[in-house]
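Open your viewer, switch to a cartoon view and keep the selection box handy. We will go from stop to stop, picking something to select each time and looking at what is there.

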Amino acid sequence: AMDEAAGRVLDVLDRLDLAQDTVVVFFSDNGGLSTSEGHPTSNSPLRAGKGWLYEGGIREPCLMRWPGELAPGTVCELPIQSVDFLPTLAAATGASLPEGVTMDGVELLTTLTGGAAPPPRGLYWHYPHWGNQGGTPGGALREGPWKRVERFGPDGIEGELYHLVQDPGETADRSGAEPDRSKAMGARLARWRAEVGARMPSPNPLVVSNPEGDDRAK
């Protein structure tokens, strides 16, 4: 149904002769649902799915169409995030970005039209709540092929480290073999959270401890 609906939009743009004046972006906000709720999709060989910080939950394709500007069949391997759309579409339309505002994203139009790629950067994720697909509060940072995945628990933050080129399915935690890298990426994640004012999970105020030693809801 989604494919048919997207096709109808593209057909109308073609019929009204608006295609060359329209940038179309097809992008999902998460990977397919393949988690504890069920498996209507498969993200294999990627791990987990929607609501998780593993690649099955956050990696998905992005398709763009702009006849006359973006060559059909072009493939760009540069990892991006949705925050890149604002500066990219502003560049495409000639719009000015607001002054005095720090952009989280980067302009991709130059790269997509055959120019140089933007400078290397880290990609950050923050997910400070429990998800109904089984995901837990946490965060993630990708730098080149390396990715740190964090879980926010009652006893602090636990981190995992993966090499996405050698291990796209995130099956082998490398934090033990690369402790310095894992620690440094964790520090950058913490600094980023402080810079953007990221909210962290807090204890449920409706849960109280009792003398028997277990926790119960009020």
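Start by selecting Gln133: is this residue buried or exposed? Its relative accessibility is 6%, so Gln133 counts as buried, the cut-off for that being under 20%. Bear in mind as you look that this is a predicted model. Gln133 sits in the loop that runs between β3 (123–127) and β4 (138–143). Now show side chains and add Asn132: the side chains of Gln133 and Asn132 are joined by a polar contact of 2.7 Å.

Next, select the strands on either side of that loop. β3 and β4 pair in the antiparallel sense, over five bridges. To see one position in that pairing, pick His126 in your viewer, then look across to its bridge partner in β4, Gly139.

Stay with β3 and colour its residues by face. Leu123, Trp125 and Tyr127 make up the covered face, while Tyr124 and His126 lie on the uncovered one. This fits a general pattern: in a regular strand the side chains alternate between the two faces of the sheet.

Now move along to residues 146–153 and 156–163, which are β5 and β6. How many bridges link β5 and β6? They pair over eight, again in the antiparallel sense. A hairpin of two residues joins β5 to β6. Select Gly153 to find its bridge partner in β6, Gly156.

The next stop is helix α5, residues 179–196. Select Ser182, Met185, Gly186, Leu189 and Arg193, which are buried. Around the axis they cover an arc of only 105 degrees, so they lie on the same side of α5. The spacing makes sense because an α-helix has 3.6 residues a turn, so residues three or four places apart point the same way. What covers these buried residues? The cover includes strands you have already visited: β3, β4, β5 and β6. Turn the helix over, and on the face away from its buried side you will find the exposed residues Asp180, Lys183, Ala194 and Glu195.

While you are here, try the distance tool on the end C-alpha atoms of α5. They are 26 Å apart, which agrees with the 26 Å that 18 residues should span at 1.5 Å a residue. Just after α5 comes Gly197, with a positive phi near 70 degrees.

For the last stop, jump to α1, residues 2–15. Its 14 residues should span 20 Å at 1.5 Å a residue, and the end C-alpha atoms are indeed 20 Å apart. Following α1, select Asp17, where phi is positive, near 60 degrees.

Key: Residues numbered from 1 in each chain as written. Predicted model: local features only at pLDDT ≥ 70, side-chain atom pairs only at ≥ 80, totals over all residues. Heavy atoms only, no water. Helix = DSSP H or I, 4+ residues; strand = E, 2+ residues; numbered from the N terminus. Expected span 1.5 Å × (residues − 1). Buried < 20%, exposed > 50% of the residue type's maximum accessible area, 1.4 Å probe, protein only. Polar contact = N/O pair within 3.5 Å; in protein donor to acceptor, adjacent residues only side chain to side chain. Arc of directions from axis to C-beta. Contact = heavy atoms within 4.5 Å. Pairing = 2+ DSSP bridges.
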